[in-house]
Amino acid sequence: MSSVPASSPASRASARINFARSPRPTIGVEWEFALVDAQTRDLSNEATAVIAEIGENPRVHKELLRNTVEVVSGICECTAEAMEDLRNTLGPARRVVRARGMELFCAGAHPFARWSSQKLTDAPRYAELIKRTQWWGRQMLIWGVHVHIGISSVHKVMPIMTSLLQYYPHLLALSASSPWWVGEDTGYASNRAMMFQQLPTAGLPFQFQTWAEFEGFVYDQKKTGIIDQVDEVRWDIRPSPRLGTLEVRICDGVSNLRELSALVALTHCLVVDLDRRLEADESLPTMPPWHVQENKWRAARYGLDAVIILDADSNERLVTEDLVDVVTRLEPVAKSLGCSAELAAIFDICRDGASYQRQRRVAEEHDGDLRAVVDALVAELDI
């Protein structure tokens, strides 16, 4: 998306958004899971009952659809701590789910479930979302992973967010896990990425350089009735003012902790690297919005086989080849953040294949039976 002019100075002054800065680059992870029936492997709309049985737990949340539960970490210092936090919540949650004849499932989309059979969670904000978005809103039968990284100054948020778009295709290609839609192979590695951007406030962020520009944008969105709250801006990368974080929402749903830890470590290192370059008075590199948009499509379509655009000079390279250089460059950052082993696991994904590739192999080995794909994804949850 292109840059846009901000609102007038008077309107900006009346629309200040406080950013609760984070003194350290902490991590928070939100991991969305679907509930699947252990017999039919179809989705189960039992999240309300599951959450009620789990009891008051700030680590388990409801979502738009009643087939979904979200498991979140606390505020963590490193990737390993975040993974252990998630594991501690998932163990008891899975026991509750299994006792009810279901399994926890995570991918960007379910291989064969029908959106028309799903029930909405009873909450005013979800009802308003569907009232406004109608057919496209009801289609959102998708799951993802969101990673929050603490940012120390409001003045860093927009430059880091805009520069981070260079690495959008890397994160999406590695996590791509939604090749199927209602029983058909879409030909995409991540159909989820294409689906979610249909919502009016979702998709790629505008390339703002200052917080004041963002404040002006939010003011305009509120004044014209597009949003009521800032968290209704559902960009693939967005600031979370209340938490003092940058929230990276690029990744498809991830089926296992090993891959999740690699993706969280990569996200952490990328953001911290950009933060440190700002501290050193460097100008962060950016890419034209049209290149960013094309890279998103290429990664969604081709996954790890995507040839991506690297820079404003329109140079191109296979995403897996570029990942070698990116991860190697980030190794000192990873060492300082205590996530060297997790970051190195990016190479394992490139070598062994991403989820969308594994899913297609399983389907081929089982004569196209997509229930086997569900079983394989369920079995990958290594807690």
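Start by selecting aspartate 236 in this predicted model: the residue is buried, with a relative accessible area of 5%. Aspartate 236 sits in the loop that links strand E9 (234-235) to strand E10 (237-240). Show its side chain together with that of tyrosine 168, and you will find a polar contact of 2.7 Å between the two. Now display everything that aspartate 236 touches, setting aside residues up to four places away in sequence: Tyr168, Phe196, Gly203, Leu204, Glu247, Val248, Arg249, Ile250 and Lys296. For a distance to try in the viewer, pick the C-alpha atoms of aspartate 236 and methionine 194; they are 11 Å apart, with these positions 42 residues apart along the chain.

**Helix H6, by way of tyrosine 168**

Tyrosine 168 leads to the next selection, helix H6 (168-175). How many of the 8 residues of H6 are buried? The count is 8 of 8. Selected one by one, the buried residues are Tyr168, Pro169, His170, Leu171, Leu172, Ala173, Leu174 and Ser175.

**Helix H5 and its cover**

Next, select residues 154-164, which form helix H5. This helix is mostly covered, with 9 of its 11 residues buried. Colour the buried set: Lys156, Val157, Met158, Pro159, Ile160, Met161, Thr162, Ser163 and Leu164. What lies over these residues? The cover includes helices H6, H8 (211-223) and H9 (257-279), along with strands E9, E10 and E11 (245-248). You have already visited E9 and E10 as the strands on either side of aspartate 236.

**Glycine 216 in helix H8**

Stay with H8 and select glycine 216, which belongs to that helix. Glycine 216 is buried, and its relative accessible area is 0%. Add isoleucine 17 to the selection: the two C-alpha atoms are 9.7 Å apart, although 199 residues separate the pair in sequence.

**Threonine 245 in strand E11**

E11 is another part of the cover over H5, and threonine 245 is found in this strand. Is threonine 245 buried or exposed? With a relative accessible area of 6%, threonine 245 is buried, because the cut-off for that class is under 20%. Its side chain makes a polar contact of 2.8 Å with the side chain of histidine 148. Apart from neighbours within four places in sequence, threonine 245 is in contact with Phe19, Ser22, His148, Ile149, Gly150, Ile151, Arg238, Pro239 and Ser240.

**Histidine 110**

Now move to histidine 110, located in the loop between strand E4 (102-105) and helix H4 (124-138). Histidine 110 is buried too, at a relative accessible area of 2%. Turn on backbone atoms here: the histidine 110 side chain reaches the backbone nitrogen of phenylalanine 112 at 3.1 Å. A polar atom of the same side chain lies 3.0 Å from the backbone nitrogen of alanine 113. To see what surrounds histidine 110, leave out its neighbours within four places in sequence and select Val36, Arg41, Asp42, Leu43, Phe105, Trp143, Trp180 and Val374, all in contact with histidine 110.

**Two residues with positive phi**

Most residues other than glycine have a negative phi. With that in mind, select aspartate 281, in the loop between H9 and helix H10 (289-302). Its phi is near 65°, a positive value. Aspartate 281 is exposed, with a relative accessible area of 71%.

The other stop is serine 314, in the loop between strand E12 (307-309) and strand E13 (316-318). Serine 314 has a positive phi of about 70°, and the residue is partly exposed, at a relative accessible area of 40%.

**Zoom out**

Finally, show the whole chain, which has 14 helices and 13 strands. The radius of gyration is 20 Å, close to the 21 Å that the globule rule gives for 383 residues, so the chain is as compact as a globular protein of that length. Along the principal axes, its C-alpha atoms fill a box of roughly 60 × 45 × 35 Å. Buried residues account for 58% of the 383. Among contacts with a separation of 6 or more, 75% are between residues 24 or more positions apart.

Switch to a surface view to end the tour. The accessible surface comes to about 15900 Å², and carbon and sulfur atoms contribute 49% of that. Colouring by charge brings up 41 positive and 52 negative charges, whose mean positions are 5 Å apart.

Definitions and conventions: Residues numbered from 1 in each chain as written. Predicted model: local features only at pLDDT ≥ 70, side-chain atom pairs only at ≥ 80, totals over all residues. Heavy atoms only, no water. Helix = DSSP H or I, 4+ residues; strand = E, 2+ residues; numbered from the N terminus. Buried < 20%, exposed > 50% of the residue type's maximum accessible area, 1.4 Å probe, protein only. Contact = heavy atoms within 4.5 Å. Polar contact = N/O pair within 3.5 Å; in protein donor to acceptor, adjacent residues only side chain to side chain. Rg over C-alpha atoms; globule rule 2.2 N^0.38 Å. Areas by Shrake-Rupley, 256 points an atom, 1.4 Å probe, with all protein chains shown as cover. Lys, Arg positive; Asp, Glu negative; His and termini not counted. Charge placed at Lys NZ, Arg CZ, Asp CG, Glu CD.
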